[in-house]
Amino acid sequence: MSTPYAYFQGQIVPLEEAKVGVMTHAFNYGTAVFEGIRGNWNADDGCLYLFRMREHYERLAQSSRILGLEMNEEIDRLCDLTVEIVERSGYEEDVYIRPMVYLSSEVLGVRLHGLESDLLIFIAPFGPYLDIDKGARCHTSSWRRVDDTGIPPRAKVTGIYVNSALAKSEAELNGFDEAIVLNSDGHVSEGSGENIFIVRNGAIITPPPSDNVLEGITAATVVELAANELGIETVERSIDRSELYIADEVFMTGTAAHLTPVTEIDRRVVKGGEPGPITKDLSRLFFDAIRGKSEKYRQWCTPARVRVAS
Ligand code: PMP
């Protein structure tokens with residue numbers, strides 16, 4: 001039996017009891033920063049592995065710092081609370097954990113200073129986001145990525161996700177699976193919720209964070225796996241839209257999307273129309289790592305065991 005729990009206003013409570021009022025500042029103005037952490041179910045081990053949880057809380061602290069919000073909790077305690085929520089909730093399937101630091105004051109007025117902030121965590125079951133086997137059909141969005149001079153995309157701010165939602169809906173309503181968003185200079189930035197990589201002549205290339213990209217934890221994982229296991233150092237440089245059309249392989253990474261091959265962009269089939277050899281090698285390494293099947297990368301996985309009711 002599974003019942004979702006949340007950490008809300010300093011206590012672990014059933015998720016259905018975690019409610020905010022209509023005047024909550026974050027609800028009105030998008031003044032919150034958040035994370036998404038995957039819990040990956042491993043049936044053999046009978047546990048969920050929380051993937052790179054500490055790094056997600058470190059990024060939450062950075063996002064809070066960029067907006068000048070108080071995080072109010074130590075990272076060690078947040079990790080312990082997260083394990084507790086996952087264990088109590090009792091899911092035996094992949095889950096998604098959402099920590100959020102939000103302006104909780106119930107007042108009107110756009111600003112970031114002089115308001116109360118709070119931290120919440122909730123959990124939801126969450127299966128595959130994009131089709132990791134068939135790959136994603138993408139198009140270049142007509143929307144541009146927000147710029148660091150507007151709302152910094154390096155911070156995972158809830159309000160920024162209107163930009164992502166515009167791009168994602170446009171893509172889906174036009175019959176594609178995902179959007180590829182260009183930055184204001186016209187260079188490739190990222191997907192609506194994923195980092196993007198291309199492979200050309202055996203080199204792995206991804207845009208630098210200064211192209212208005214979220215500094216992805218999955219992306220960092222793939223970069224490390226490529227270097228350690230395939231001997232390929234990833235090149236960080238700007239990518240033009242036209243380069244997407246001639247790449248040998250394209251894939252996206254993200255907590256929700258895991259590692260998803262891209263098989264079509266703007267109605268041009270990516271070479272061969274199916275995941276290429278480097279994408280396949282990285283996928284195998286990545287999925288072993290996140291499900292705790294790789295001894296070498298076990299330190300990325302925090303086990304959470306479902307509690308059997310006594
Ligand atoms: N870019 C954006 C805009 C995202 O929302 C995400 C998902 N958090 C990513 C990239 C991928 O980041 P990560 O691998 O840390 O989930």
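**Figure 1. The whole chain: seven helices and 17 strands.** This is a predicted model. The chain has a radius of gyration of 20 Å, close to the 19 Å that the globule rule gives for 310 residues, so it is as compact as a globular protein of that length. Along the principal axes, the C-alpha atoms fill a box of roughly 50 × 50 × 35 Å.

**Figure 2. The ligand in the largest pocket.** The space that the ligand takes is the largest pocket. Two elements each give two or more residues to the shell around the ligand: α5 (217-230) and β14 (249-254).

**Figure 3. The shell of 16 residues around the ligand.** The closest residues are Y161, E190, I217, T218 and T255. By class, eight residues of the shell are polar, five are charged and three are nonpolar.

**Figure 4. Polar atoms of Y161, T218 and I217 beside ligand oxygens.** Which part of each residue faces a ligand oxygen, side chain or backbone? Y161 uses its side chain: an N or O atom there is 2.4 Å from an oxygen atom of the ligand. T218 also places a polar side-chain atom by a ligand oxygen, at 2.5 Å. For I217 the backbone supplies the atom: an N or O lies 2.7 Å from an oxygen atom of the ligand. How much of the ligand does the protein bury? Taken alone, the ligand exposes 380 Å², and the protein buries 97% of that.

How values were computed. Residues numbered from 1 in each chain as written. Predicted model: local features only at pLDDT ≥ 70, side-chain atom pairs only at ≥ 80, totals over all residues. Heavy atoms only, no water. Near = heavy atom within 4 Å. Polar contact = N/O pair within 3.5 Å; in protein donor to acceptor, adjacent residues only side chain to side chain. Areas by Shrake-Rupley, 256 points an atom, 1.4 Å probe, with all protein chains shown as cover. 1 Å grid on protein atoms, 1.4 Å probe; cavity = no way out; pocket = protein on both sides within 12 Å on 5 of 7 lines; lining within 4 Å. Sits in = over half its atoms within 2 Å of the grid points. Helix = DSSP H or I, 4+ residues; strand = E, 2+ residues; numbered from the N terminus. Nonpolar A, V, L, I, M, F, W, Y, C, P; charged D, E, K, R; others polar. Rg over C-alpha atoms; globule rule 2.2 N^0.38 Å.
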